[in-house]
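Biologist: Could you take me through one part of this model up close? I'd love to hear how a pair of helices sits together, and what surrounds that part.

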Amino acid sequence: MITLLKNGKLYDPAHNKNGVVEDIYIHQGRIVPKPLDNAKISQTYDLSGKVVMAGAIDMHSHIGGGKVNIARMMLPEYQQKQMQEIKNLSEPEAHICTPYCSHHATPTATDTGFRYIEMGYTAAFEPAISPINARQAHLEMGDTPMIDKGGYAMLGNDDYFLRMLTAKKDQKAINDYVAWILHATQTIGIKVVNPGGISAFKFNQRRLNLDENHQHYQVSPREVLQSLSRAVHELGIAKPLHVHCNNLGAAGNFETTLNTMTASNGLPMHLTHIQFHSYGTEGDKKFSSAAAQIAEAINKNKNITADVGQILFNQTVTASGDSMMQHLNAKHANPKKSVIMDIECDAGCGVLPFKYRDQNYVNALQWAIGLEIFLSVEDPWRIFLTTDHPNGAPFTSYPHLIRLLMDKSFRNEAFAKLNLDAQSMSNLTSLDREYSLYDIAIMTRAGASKLIGMNDRGHLGVGANADITVYTDQENREAMFAKPDYVFKNGELVVKDGAVVKVVWGATHTAKPAFDIGVEKELKEYFDRYQTIGLDNFKISDAEIFDDGRGSVVVNKN
Amino acid sequence: MKNNLNPTLPASITCPACGMLCDDLVLTSTTPLSIQNACAKSITFFEQSFHSNSSNTAPSVSGKTTDLETAVKAAAAILAQSKAPLIAGLGTEVQGMRSIMRLAAASNAMLDHMHSESSVRNTLTMQNGGWLTTTLSEVKNRADLILAIGTDIGTSHPRFFEKLVWDSASLFNKPSPEVVYLGVSADKAKSATSPEGKLASAVGDDPAQIPEIVNALNALLINKKINAETVGGVAVATLQALVEKLKAAKYAVIVWSASSFKFSHAELTIQSIVQLVNQLNETTRAAGLPLNSGDGDSSVNNTSTWLSGYPTRNRFVNGKPEYDNYHFSTQKQLQNSDALLWVSTFNPTSAPQTALPTIVIGRPDIKLDRTPDVFIPVGIPGVDHAGSMFRMDSSITLPLKKLRNNELPNLSEVINRIEAELA
């Protein structure tokens, strides 16, 4: 059975195709070369004039695990309220509702899959899986239909690692432990959140700067970053260390962020939701944009990649592993409630609802800072489109964000409605850049798959997995990206005119670098002595993810 | 019942008898039962599972023994006729709950767990202002003071002290924590007696006085003066001393059990406990630890939340989830509903008294106070089949293991077959 997608305009940056009109052939879920003339084409889609891209990949979105579920449980009123409001939504936000539709910042697992695929996204990655909570994250992602998924395991606040650093264990021992964690938690990358800080909070330290020592372990965040970025690099996994810097959300934190860029000594490192880490202290309100300095540093340091974590105005909820900073920020929660947890000498979490308002000086400037970064970082291969779902805004607002990037007059109209003091502190209107379709395809497809290390995703070349999205080229980019004409998952038509026509289940992407299994000897003793579960139960087997045949594990190699 | 022990018996097994989910039990023999690292609750659970003399291993319809297919069809017929069935009990783990959620969506059912009268008090508190909590390994390695309010902990969670308090192995060189009971009756206050014979200190012994005492602790913590000699039967000086202890602790853990609070509006007292924890964290570290009630309550609420957006008590109307943790209680809905599906797979807990058409799915030895319209015996999770279960602190999910082979279907299989009949 061969499917032919005929005459589409291809935006495929992995192959330098910028609007080239070409045919695509699909066979057994993959893109194949043009078959012989006598081969039977069983189905043809005429895509004349349509925009064709690979399925989009969200490289940072909180879609599963403890934090998100706490947010859901804590905020039943969101879901109830949104149920009422959905009737008033206008195009292009409106979409065809499924029976499970929720339309709010913490959709159910089922809704998460549906909302992503309806926008042409075919994969999303949970960036903050605490290893001890990984089973829950996989259970939730296992109940997320339509898309591929995967996650990054959080290290750098776990007692076992910090203890190794204090003991000055050699890099090989660290590498083995990091590799073991990737295997045990079925993840594809390593993340560090507020390096050392989450642990320090448990010892009653309230802030931790990059070169300040954790009072118990006597190691600094910089040492954590050095060790983990080197481990990730030496293990040869594609995804660079995913870093949520110290001092999240604090005025003046841009200096920490600039210094953090040097912490990996030139090795690849990804700074996540960098908007939340780009704040200066200028002006009457002692809160200003440092987007220019941050963007300049990214442009200069070619080993650094970043995603933005754009905020958009509305009610949302922030869910972070950063219990230290979330505890500090709990006073800004709206409505006023927060869940903070210390977790198993391994991690932490902080969940608090937040309402971003365009007439609030700080919120308005946060909005501008995110866009300033997008427009000032020159290389679209090194900057990624995220809202840090749900922390800056729900992922369902991506089409709106894409329009802000692609349409200068739309952006400037929105800017003109902001808090006036914030307007006077931003140079956004002087930035004339408009993202092209090709740029968008880099950020959301080719760049993301390259960053994470999925060789057969994010492009339209022969051999690629046939995850393909087809749009009608519209001047209103929000309308265009909100509702693709067709989405193919593994070569099957699953979305037509923005609505799901077939329910499918995606794979779980992992990386499993080789390591010395001897690492388990000490780990087993550690678990038996200090932890409250056994080592064997910490590890997640492939069979758990297969889940009676619905799920599958993809091991990505580089 | 046949006890064909699984020939590839796992080295260690996970015990679902309480929320601690100890996974270091080693089953060496079933007759007589021999388990290493067992506690009173786990022995009862496994004894009952392996040795109950139940004749209920076959399904029945109106009390007459029948085959599974007939029973599944009869159950589906009841649900098909019902406008809004009540699915209650919900004594199950994650996999069972996943199936039940699909059935509930397909049948416009309402969902309530048998222990939600207690767990709703915690959920209400969390939804009102949030909380700051901790997990078992943090308690073991970090706690230097444990304040247990209204619960001796040991009765409901028997190995708490052995594993988390008296075990001298801890990561940060801390002393064995002091244990203080607040509002725990004297006869129960022995749970926390250490192996060396050290008794827990007790502040008050009348559970009914807990609300007043916790409020007084909050007042004293923010330096308010109390113009009384005693509060809730306890000298203010004693309460002041407790406050000083809490403030001096590096990591105080305040434990409560919503099910042990027998006074009305217990959620307000839980809020007050949370406030105490929050205030302590202004200067030092402290955390709360709510004990769960069991029968898979954490698993059911977590699974329900990621699949519907809501914990129990919730329902589906035309496939859309709705939530009301007051009106959707089993007691209220037995009056409004037109059919009951009762599920209890961990314990042989009987369905509530009702004249509604009733389907019971549970352990073979489940108590049947009244002959249900349909009864389907199923395997016990963690004994007859594998599963996934949330620990009391919700951060940890552990695999349950299959310990023996028998012909009983598991809950998911039965629920999926009923759902297929409805389609």
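Modeller: Happy to: here is a close look at one helix pair in chain B, followed by its surroundings. Please keep in mind that this is a predicted model. The pair is α3(B), residues 94-107, and α12(B), residues 411-422, whose axes come within 8 Å and cross at roughly 15°. Angles under 35 degrees count as roughly parallel, and α3(B) and α12(B) are therefore roughly parallel to each other. The crossing in which α3(B) passes α12(B) is left-handed.

Who makes the contact? On the α3(B) side you will find Gln95(B), Gly96(B), Ser99(B), Ile100(B), Arg102(B), Leu103(B), Ala106(B) and Ser107(B). Facing them from α12(B) are Leu411(B), Ser412(B), Ile415(B), Asn416(B), Ile418(B), Glu419(B) and Leu422(B). By character, this contact divides into 7 nonpolar, 6 polar and 2 charged residues. The spacing may look familiar from other helices: an α-helix has 3.6 residues a turn, so residues three or four places apart point the same way.

Stepping back, chain B is divided into domain 1 (55-115 + 295-383 + 407-422) and domain 2 (119-291). The C-alpha centres of these two domains of chain B are 36 Å apart. Where they meet, 7 residues of domain 1 are in contact with 5 residues of domain 2. On the domain 1 side, the touching residues are 1 nonpolar, 4 polar and 2 charged.

Technical notes: Residues numbered from 1 in each chain as written. Chains lettered and ligands numbered in written order. Predicted model: local features only at pLDDT ≥ 70, side-chain atom pairs only at ≥ 80, totals over all residues. Domains from an automatic or database assignment. Contact = placed C-beta atoms within 7 Å. Nonpolar A, V, L, I, M, F, W, Y, C, P; charged D, E, K, R; others polar. Axes fitted to C-alpha atoms, helices over the stretch in contact; angles between N-to-C directions. Helix = DSSP H or I, 4+ residues; strand = E, 2+ residues; numbered from the N terminus. Parallel < 35°, antiparallel > 145°, perpendicular 65-115°, else oblique. Left-handed = near helix turned anticlockwise from the far one by under 90°.
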